[in-house]
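Please examine the model below with its sequence at hand. The explanation that follows is intended to be read alongside both.

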Amino acid sequence: MLILQALGLLIIMIATLSSMLSLYFEVKYWRGLRDPVDDGKYPSVTVIMPIRGVDQNLEGNVKSILSQKYPAVREYLFIIDDVNDPAYSLVSRIIKQYSNTRIIINNTGSSKGSALARGISEAKGDVVVMVDSDAYVHDEWLINLINLLKAGSGAATTYRFYVPLSGLSLGSLLKASFNMIGITAMQNEAARFTWGGSTAVWRSLVLKWGLVKYLPHYLSDDYVITHMVHREGLKVGFTPRSMVITLEDSGVRDAFNWAVRQLWYVKVYGFNGFMLYAASYTLYALTLPIALALSLFINWAIVPGLLPYLIGVAKDYYRVSRIRSQKTFYANNIGSRYAYALAAASILNVYFSWLTIMATAFTKSINWRGRVFTINDVKRGIKLRPLP
Ligand SMILES: Nc1nc2c(ncn2[C@@H]2O[C@H](COP(=O)(O)OP(=O)(O)OP(=O)(O)O)[C@@H](O)[C@H]2O)c(=O)[nH]1
Ligand SMILES: [Mg+2]
């Protein structure tokens with residue numbers, strides 16, 4: 001019995017220490033954030049947006065991407081698989097008044113990767129910027145990414161932040177809270193990846209590594225592009241100053257299916273990362289029940305048992321506050337009440353994430369915007385086009 005109690009206390013101590021460390025790294029990250037020097041010279045850019053279906057804020061998102069302060073030539077390519085996709089008529093109407101925009105119908109396309117490959121093969125800009133149709137951005141989104149790219153990164157990326165469109169709900173909070181693990185990965189150079197929702201990369205690099213050959217065979221463009229940048233011996237740059245906002249409402253079931261799909265990509269393309277993630281969430285998920293059981297014998301055990309969760313709330317609140325302070329765009333879109341709710345939701349997210357991990361471990365196929373992909377599809381793609 002005594003051994004079990006000691007083991008319980010040890011687990012609580014490890015969870016507390018690791019949450020303190022993550023709070024420390026969070027503060028260190030934001031304090032060390034610097035802007036790259038701007039030399040005033042700007043490359044031409046092709047912005048590529050693959051689209052399938054009508055996102056909840058599609059019109060606002062497309063307009064925000066088009067309204068950029070950028071001092072050099074830009075072209076916009078919207079890649080849609082079928083003219084019968086309702087996004088086609090909507091985007092056609094929005095882009096009418098812009099001469100540097102084009103919709104490309106990619107009839108043979110079978111995924112986001114195919115759409116990106118098609119866009120890249122038609123791009124003329126020195127830099128290719130990929131952006132998702134669910135991204136709502138501010139007017140310096142593009143220039144920030146390009147400044148970071150010019151500073152020496154092989155690719156410049158950012159991340160997304162979920163905000164509900166019509167009102168706070170449990171599903172939206174869980175989705176937003178779950179999503180924030182990606183920000184943790186971005187802050188750490190070893191875990192950083194080129195997030196497909198907004199990444200800028202030199203077209204010369206894309207051509208050199210024949211990216212268009214690989215993209216249609218992988219469900220994660222993030223995985224392929226990150227690999228290419230590392231093979232080139234370069235780093236991925238990350239800026240939270242261009243973070244995109246995804247404005248959408250989500251139910252709990254929606255949020256769960258979405259979270260499983262996100263983790264499924266990690267499982268099928270980076271199994272070690274998935275296991276690490278599973279281990280750390282299992283540790284956090286176990287801490288509370290262990291503390292409750294221990295408090296039957298040692299009544300103060302509940303206090304350190306709650307600490308990892310409270311530190312997690314403090315960390316998330318600090319993070320959201322830092323994001324809000326980057327620009328009025330963020331303060332306006334991320335309300336202060338939402339910031340509190342989101343931080344508090346990090347406790348629920350421990351259990352939501354843990355359930356997601358368990359479900360993902362047994363998931364053999366996913367449904368992505370109406371297309372079904374299986375583990376065999378993933379294996380076939382890797383076999384057909386192994387990454388160099
Ligand atoms: N043309 C085309 N676009 C697609 C297809 N599947 C997804 N997309 C687009 O690819 C982008 C990413 O799709 P999402 O469903 O938002 O992906 P996600 O799960 O949010 O994952 P993230 O890439 O991490 O944002 C969006 O711009 C979609 O419209 C497809 O089959 N064809
Ligand atoms: Mg998305």
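The paragraphs below treat the domains, the nonpolar cores, helix α1, the salt bridges and the surroundings of the ligand in turn.

This is a predicted model, in which local features need pLDDT of at least 70 and side-chain atom pairs count only at pLDDT 80 or more, while totals for chains, interfaces and linings use all residues. Residues are numbered from 1 along each chain as its sequence is written, chains are lettered from A and ligands numbered from 1 in the order in which they are written, and side-chain values use heavy atoms, with hydrogens and water left out.

The protein is divided into domain 1 (2–30 + 254–370) and domain 2 (43–159 + 195–250); such bounds come from an automatic or database domain assignment. Taken over C-alpha atoms, the centres of domain 1 and domain 2 are separated by 30 Å. To the contact between them, domain 1 contributes 18 residues and domain 2 contributes 24 residues, where contact means heavy atoms within 4.5 Å.

The interior may be considered next. In soluble globular proteins, nonpolar side chains tend to be buried together. A nonpolar core is here a set of buried Ala, Val, Leu, Ile, Met, Phe, Trp, Tyr and Cys residues joined through side-chain atoms within 4.5 Å. Buried means under 20% relative accessible area, exposed means over 50%, and partly exposed lies in between (1.4 Å probe, protein chains only). The largest nonpolar core has 72 residues, of which V62, F78, V129, W141, I146, F161 and I334 touch the most other members. This core draws at least three residues from each of domain 1 and domain 2. With neighbours within four places in sequence left aside, W141 is in contact with V47, I65, Q68, V129, V131, S198, S242 and V244. A second, separate core comprises 34 residues, including V128, A155, I225 and Y265.

Helix α1 offers two residues for closer inspection. Helices (H or I, at least four residues) and strands (E, at least two) are DSSP runs, numbered from the N terminus. Q5 is placed in helix α1, and its relative accessibility of 17% makes Q5 count as buried. Apart from residues up to four places away in sequence, Q5 touches L294, F297 and I298. I14 also belongs to helix α1, but I14 is partly exposed, with a relative accessible area of 42%. Although I14 and T287 are 273 residues apart along the chain, their C-alpha atoms are separated by 9.4 Å.

The structure holds 17 salt bridges, each defined by a side-chain nitrogen of Lys or Arg within 4 Å of a carboxyl oxygen of Asp or Glu. In one of them, the side chains of D39 and K150 meet at 2.7 Å, N to O. Because D39 lies in the loop between α1 (2–31) and β1 (45–51) and K150 in helix α5 (residues 141–150), this pair ties together parts that are 111 residues apart in sequence. K150 counts as partly exposed, at 24% relative accessibility.

A further salt bridge joins K235 and E189, at 3.4 Å from N to O. This pair links distant parts of the chain, 46 residues apart: K235 is in the loop between α10 (221–231) and β8 (236–238), and E189 is in the loop between α7 (181–187) and β7 (198–202). K235 counts as exposed at 52% relative accessibility, whereas E189 is partly exposed at 47%.

What separates E122 and R118 within helix α4? They are 4 residues apart in helix α4 (residues 112–122), and therefore separated by about one helical turn. The closest N and O atoms of their salt bridge are 3.0 Å apart. E122 is partly exposed at 24% relative accessibility, and R118 is partly exposed at 27%. Elsewhere, E59, K63 and R93 are linked in a network of salt bridges.

Which residues come nearest to ligand 1? Of the 19 residues around ligand 1, these are P50, S133, R160, R261 and R369; a residue is near a molecule if one of its heavy atoms lies within 4 Å of it. Polar contacts are pairs of N or O atoms within 3.5 Å; within protein, one must be able to donate a hydrogen and the other to accept it, and residues adjacent in sequence count only if both atoms are side-chain atoms. An N or O atom in the side chain of D132 is 2.8 Å from an oxygen atom of ligand 1. For W195, a polar side-chain atom lies 3.2 Å from an oxygen atom of ligand 1, and for Q262 the corresponding separation is 2.8 Å.

R369, one of the residues that come nearest to ligand 1, is placed in the loop between β10 (365–368) and β11 (371–374). R369 has a positive phi of about 50 degrees although it is not a glycine. With a relative accessible area of 35%, R369 is partly exposed.
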